[in-house]
Every structure is written in C-alpha cells, then in structure tokens.
Amino acid sequence: MNETELVEAFKTQMRTDPDVASAVAAIRVLLEFLKRDKGETIQGLRANLKNAIETLSGVDSSVAVSSGGELFLRFISLTSLEHPDYSKCKAIMIERGELFLRRISLSRSKIAQLCRTFIKDGGRILTHAYSKVVLKVLEDAAEAKKRFSVYITESQPDQAGQV
C-alpha cells in the first residue's frame, strides 16, 4: 500500500462513515496496511507502520490520528519480542490489531455510559470546541431525562464549537 493508497483509504473511511472518530478510521487503514505489508523483518514492518502513521497525520492534523496510531503500534508491537518466526509474529500482530480496533470502536459509548453520572440535573457544563465523545455523553444524559445547560467555547482557526 503506497502513500497515495493510504491517504485515499483514510479519506474513504471518513467519507463512508462521517460519525467515525479519525483515530478509528486511521487504525482501520493501518490494520489493512499491516495485512498488505511485504516487509520481511519486524524492524522493517515497524518502520513502514511509523511512516504510514506520519502520512496519515499529514492528512488529518488532529492529535487523535498521531496518538491513536502510536498507541496502535505499541499495542501490536508487544508481540515482536515474543515470537522469533516473522510470519507467526505478523499474524499475531494482525490479531492484536483487530482486538485493539474492536476495543477502541466501543470506547465512545463506554465513556458516555461512565460519564452520565457526572452530569447532574440542572447542572451547567462548559466544554471546549467540538467533540464527538462529549456530544455522545450529553446525548446520553439528555436521553436519561437530565436537564442541563451547555456552554461551548470556540477554537481557532477551525472554529470548532461554533453553533
């Protein structure tokens, strides 16, 4: 998977599912990259993944893509020292990558469930810019019939949070 294919796959993920977090989309692409990589050593594979993360970070400058990519790399790399056989190691890395993707895909809903108790009836909430996670927390609280006011600050230069 070359840089152009990598970027196009990421953009397609974001277009196909506009509700998906950019980090989740990036990890989906990185997992596909991992499956297609033709490297012959663990170090080569890690270097290729680092380059892919850097490329994706250039497309979406949010911290979520770079930090999500780094966490993905760390999570799957724990295997590299456990198995001397490259093909077996790569298969385990793919398996761990799929596990990581399943876990983070559920994180927004899990966070919303856990945070619901922090929103008190009649409360006032101050949040900065726009966050799909915060929005999910607020929607869950509203569905639980809690009444609250939300104040949103606007960030610059992207004006995230502007209503």
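This passage walks through the cores, the aromatic contacts and the strand pairing of the structure above.

The model is a predicted one, with local features taken at pLDDT of at least 70, side-chain atom pairs counted at pLDDT 80 or more, and totals for chains, interfaces and linings drawn from all residues. Numbering starts from 1 along each chain as its sequence is written, and side-chain values use heavy atoms, with hydrogens and water left out.

The largest nonpolar core (buried Ala, Val, Leu, Ile, Met, Phe, Trp, Tyr and Cys residues joined through side-chain atoms within 4.5 Å) has 29 residues. Buried here is under 20% relative accessible area, exposed is over 50%, and partly exposed is in between, with a 1.4 Å probe and protein chains only. Phe 10, Leu 30, Leu 34, Leu 49, Leu 56, Phe 72 and Met 93 have the most contacts inside this core. Two or more residues apiece come from α1 (3-16), α2 (22-36), α3 (42-59), α4 (63-77) and α5 (86-105), and α2 gives the largest share, 9 residues. Helices (H or I, at least four residues) and strands (E, at least two) are DSSP runs, numbered from the N terminus. Apart from this core lies another, of 5 residues, including Ala 112, Ile 119, Val 137 and Ala 141.

On the aromatic side, there are 2 pairs in the structure; rings of Phe, Tyr and Trp (its six-membered ring) pair if their centres lie within 6.5 Å, with planes under 30 degrees apart called stacked, over 60 edge-to-face and the rest tilted. Phe 75 and Phe 100 make a tilted pair, because their ring centres are 5.2 Å apart and their planes sit at 40 degrees. This pair links helix α4, home of Phe 75, to helix α5, home of Phe 100, across 25 residues of chain. Both rings belong to buried residues, and Phe 72 joins Phe 75 and Phe 100 in one aromatic cluster. Arg 96 lies over the face of Phe 75, 4.6 Å from the ring centre (the cut-offs being NZ of Lys or CZ of Arg within 6 Å of the centre and within 35 degrees of the ring normal).

Further along, strands β1 (residues 123-128) and β2 (residues 148-153) run parallel, joined by 6 bridges; pairing takes at least two DSSP bridges. Ile 125 has Val 150 as its bridge partner in β2. Between the strands, the chain passes through helix α7 (residues 132-143) in a right-handed β-α-β crossover, that is, clockwise from the first strand over the helix to the second with the strands pointing away from the viewer.
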